Amino acid sequence: MSHADRTDLPSRPGAAGSRMAWAKINLTLHATGQRSDGYHLLDSLVVRAGIGDELRVAPSDRLSLTISGPGAAGVPTDARNLVLKAAALLDADQGRGAALHLVKNLPAAAGIGGGSADAAAALQLLAAHWDLVLPENSAQLGADVPVCLADGPQRMRGVGDLLTPLPALPACHLVLVNPRVDVPTPSVFAALDNKTQPAMPEVLPEFSALAEFVDFLRGQRNDLAAPAIARAPVIAVCLEALDDALLARMSGSGATCFGIYETTAQAEAARARIADAKPNWWVATGPVLGA
Ligand code: C5P
């Protein structure tokens with residue numbers, strides 16, 4: 001089954017359907033400034049990895065959400081859940097019903113947009129189910145929701161609201177490693193010493209070979225890595241565990257780290273090796289989508 005096959009939006013309003021909420025990976029994340037409201041200005045190269053949560057919708061008179069899957073423990077099923085917040089944003093108190101089920105595979109508070117990806121999938125799935133257009137104010141659900149609504153690699157600037165689609169990147173595979181330590185995003189941003197660091201080059205090169213792309217990424221940064229590692233030193237151990245990757249970095253505000261591999265076989269070998277050595281960590285692999 002291809003990754004695209006795993007999304008099956010309702011074929012007509014009112015019909016059942018499903019949508020994958022792919023992990024969001026910040027291959028780079030530069031903190032370039034701060035707004036007067038405290039939000040940080042970013043310059044980030046964002047891709048989606050072919051591993052994610054699955055959200056399903058079935059017809060119902062009332063709105064409900066159930067959750068299953070390996071990441072379900074501790075995820076609220078009430079109005080605090082971003083899936084239900086997304087439903088409320090779309091429905092605007094009209095009382096529309098839908099039976100939602102989330103298969104939660106991604107860890108929460110992990111720097112890979114689990115909640116934002118779920119919210120974006122909910123908006124897309126329910127807009128099709130309820131025959132509505134997507135709201136323009138999706139960012140109020142979370143700064144990463146707009147980038148999760150977009151397909152393919154994106155350059156994300158502003159506070160996450162300014163998106164530029166990028167040409168297809170060279171094909172590669174990611175291994176994602178999370179030491180099962182929650183790192184709350186606000187605390188990592190708050191601990192960032194220098195909030196005005198250089199952006200990526202104004203014009204990004206086009207990459208035809210993976211080696212070229214990896215060379216470019218080596219010259220870029222995740223400015224949140226240092227404050228996140230200061231808070232959770234085990235993140236540095238995750239990066240060491242990915243030492244056979246072409247490049248290993250942290251995504252978002254952590255704690256999840258990614259390693260870039262050329263082939264599925266190399267990524268799968270690294271996944272198996274790390275999962276074996278660290279049975280309590282979350283370790284997963286998937287291709288970069290849209291590459
Ligand atoms: O928007 P979201 O709820 O995902 O953001 C979580 C927290 O991360 C914010 O409350 C803020 O502290 C921080 N943040 C930030 N600048 C951004 C995005 C998030 O300071 N561009």
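In this predicted model, Ala 255 sits in the loop that runs between strand S8 (247–250) and strand S9 (257–261). What catches the eye here is the peptide bond leading from Gly 254 into Ala 255, which is cis, with omega near 5°. A second backbone oddity turns up in the loop between H1 and strand S4 (98–103), where Asp 93 is found. Asp 93 is not a glycine, yet its phi is positive, near 60°. For background, most residues other than glycine have a negative phi, and most peptide bonds are trans.

Next comes the packing of H1 on H2. Two packed helices are described by the angle between their axes and the distance between the axes. For helix H1 (residues 82–91) and H2, the angle is about 40° and the axes lie 8 Å apart. An angle of about 40° is neither under 35 degrees nor in the 65 to 115 range, so H1 and H2 count as oblique to each other. The crossing of H1 past H2 is right-handed. On the H1 side, the contact is made by Leu 82, Val 83, Ala 86, Ala 87, Leu 90 and Asp 91; the H2 residues they meet include Gly 115, Ser 116, Asp 118, Ala 119 and Trp 130. Sorted by class, the residues of this contact come out as 11 nonpolar, two polar and two charged.

H2 also has a part in the largest pocket, giving four residues to its lining, the most of any element. That pocket holds about 1,100 Å³ of space. Its lining consists of 44 residues, and those closest to the centre are Ser 116, Gly 142, Ala 143, Asp 144 and Thr 185. Besides helix H2 (114–130), the elements that supply two or more lining residues are strand S1 (17–34), strand S2 (40–58) and helix H4 (185–190). In terms of class, the pocket lining has 23 nonpolar residues, alongside 14 polar and seven charged ones. Ser 116 thus appears twice, among the H2 residues that meet H1 and among those closest to the pocket centre.

Notes. Residues numbered from 1 in each chain as written. Predicted model: local features only at pLDDT ≥ 70, side-chain atom pairs only at ≥ 80, totals over all residues. Heavy atoms only, no water. 1 Å grid on protein atoms, 1.4 Å probe; cavity = no way out; pocket = protein on both sides within 12 Å on 5 of 7 lines; lining within 4 Å. Points joined across faces, edges and corners; volume = space filled by probe spheres on them. Nonpolar A, V, L, I, M, F, W, Y, C, P; charged D, E, K, R; others polar. Axes fitted to C-alpha atoms, helices over the stretch in contact; angles between N-to-C directions. Parallel < 35°, antiparallel > 145°, perpendicular 65-115°, else oblique. Left-handed = near helix turned anticlockwise from the far one by under 90°. Contact = heavy atoms within 4.5 Å.
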